[in-house]
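Work through the exercises below with the sequence and the structure at hand. Each task is followed by its solution.

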Amino acid sequence: MTETNTAQTTDTGTNADALAPFADAAKALVDRCMAEPANEEDIAIVERQLGRYPRGMVAVGARCACGRPLAVITRPMLPGGIPFPTTCYLTSPEAVKAASHVEAEGGMREYNELLASDESVRDAYHDAHLRYLAFRHELALRLGDSEEHIADTSAGGMPTRVKCLHALLAQTLVMGSGVNPIGDLTLERIVGEFSPTVCRCSVED
Ligand SMILES: [Zn+2]
């Protein structure tokens with residue numbers, strides 16, 4: 001998994017009208033995040049998962065069956081004015097490892113071929129991109145963060161390529177199945193190694 005912002009992201013041209021169909025879902029998800037903002041215990045666990053302090057962590061976006069964070073919601077602008085496009089960020093070491101295994105065995109090439117050959121997957125993947133942008137846009141509005149440098153940037157290679165399964169899996173965990181087809185396929189594929197419904201957490205409390 002890359003630690004840089006840019007490698008998990010891609011650019012496209014997107015206008016506000018394209019996000020409108022996803023605005024209600026975005027608002028509901030931001031409401032959920034704001035209702036339960038990150039607390040000190042969550043931040044401490046994520047710091048141990050990542051091996052660094054999770055700057056700009058707004059909330060836990062998805063939890064393990066045991067309650068520990070699996071993916072976090074990070075604000076669009078980090079303290080210090082650093083744009084951060086990977087709003088849904090995978091933190092579970094078990095999930096990170098499992099996604100890396102799929103990448104190592106050629107999963108990204110397979111999924112890129114699937115995108116190229118299957119129009120319905122391609123359309124769904126593009127919608128996943130728009131849902132990602134709509135969510136971050138709503139988050140940016142609520143937090144007063146600028147999106148100037150990341151407005152059309154989602155994550156993981158969306159909307160046309162698969163470049164980072166960690167970012168796509170994070171979206172599936174945060175937004176649920178049926179949103180990102182490649183994130184869903186990744187989760188199905190690693191279920192023997194990682195699942196949000198089976199605690200395999202190794203991080204110490
Ligand atoms: Zn767990």
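**Exercise 1.** Determine how long helix α6 is from end to end and compare the result with the expected span.

Solution. The model used here is predicted. Begin with the residue range: helix α6 covers residues 119-143, which makes 25 residues. Next, take the span from the first C-alpha to the last, which is 36 Å. The expected value at 1.5 Å a residue is 36 Å, and the span of α6 is close to that. Finally, look at what follows α6: glycine 144, with a positive phi near 70°. As background, most residues other than glycine have a negative phi.

**Exercise 2.** Find the cis peptide bond and place its proline in the chain.

Solution. The bond joins methionine 158 and proline 159, and its omega is about 10°. Proline 159 belongs to the loop between α6 and α7. For context, most peptide bonds are trans.

**Exercise 3.** Classify the crossing of α4 and α7, then list the residues that meet.

Solution. Step one is the geometry: the axes of helix α4 (residues 93-104) and helix α7 (residues 165-175) come within 9 Å and cross at roughly 130°. Step two is the class: at this angle α4 and α7 are therefore oblique to each other. Step three is the hand, and α4 passes α7 in a right-handed crossing. Step four is the contact: from α4 come Ala95, Val96, Ala99, Val102 and Glu103, and from α7 come Leu165, His166 and Leu169. Sorted by class, this contact holds six nonpolar, one polar and one charged residues.

**Exercise 4.** Do the same for α7 and α8.

Solution. Helix α8 (residues 181-189) packs with α7 at an angle of about 95°, and their axes are 8 Å apart. An angle of 65 to 115 degrees counts as roughly perpendicular, and α7 and α8 are therefore roughly perpendicular to each other. On the α7 side, Leu165, Leu168, Leu169, Gln171 and Thr172 take part; they meet Ile182, Gly183, Asp184, Thr186 and Leu187 of α8. The contact divides into five nonpolar, four polar and one charged residues.

**Exercise 5.** Describe the whole protein chain: how many helices and strands are there, and in what order do they run?

Solution. The chain has eight helices and five strands. From the N terminus on, the order is α-α-α-β-β-β-β-β-α-α-α-α-α. The radius of gyration is 16 Å, close to the 17 Å that the globule rule gives for 205 residues, so the chain is as compact as a globular protein of that length. Along its principal axes, the C-alpha trace spans about 45 × 40 × 25 Å.

How values were computed: Residues numbered from 1 in each chain as written. Predicted model: local features only at pLDDT ≥ 70, side-chain atom pairs only at ≥ 80, totals over all residues. Axes fitted to C-alpha atoms, helices over the stretch in contact; angles between N-to-C directions. Helix = DSSP H or I, 4+ residues; strand = E, 2+ residues; numbered from the N terminus. Parallel < 35°, antiparallel > 145°, perpendicular 65-115°, else oblique. Left-handed = near helix turned anticlockwise from the far one by under 90°. Contact = placed C-beta atoms within 7 Å. Nonpolar A, V, L, I, M, F, W, Y, C, P; charged D, E, K, R; others polar. Expected span 1.5 Å × (residues − 1). Rg over C-alpha atoms; globule rule 2.2 N^0.38 Å.
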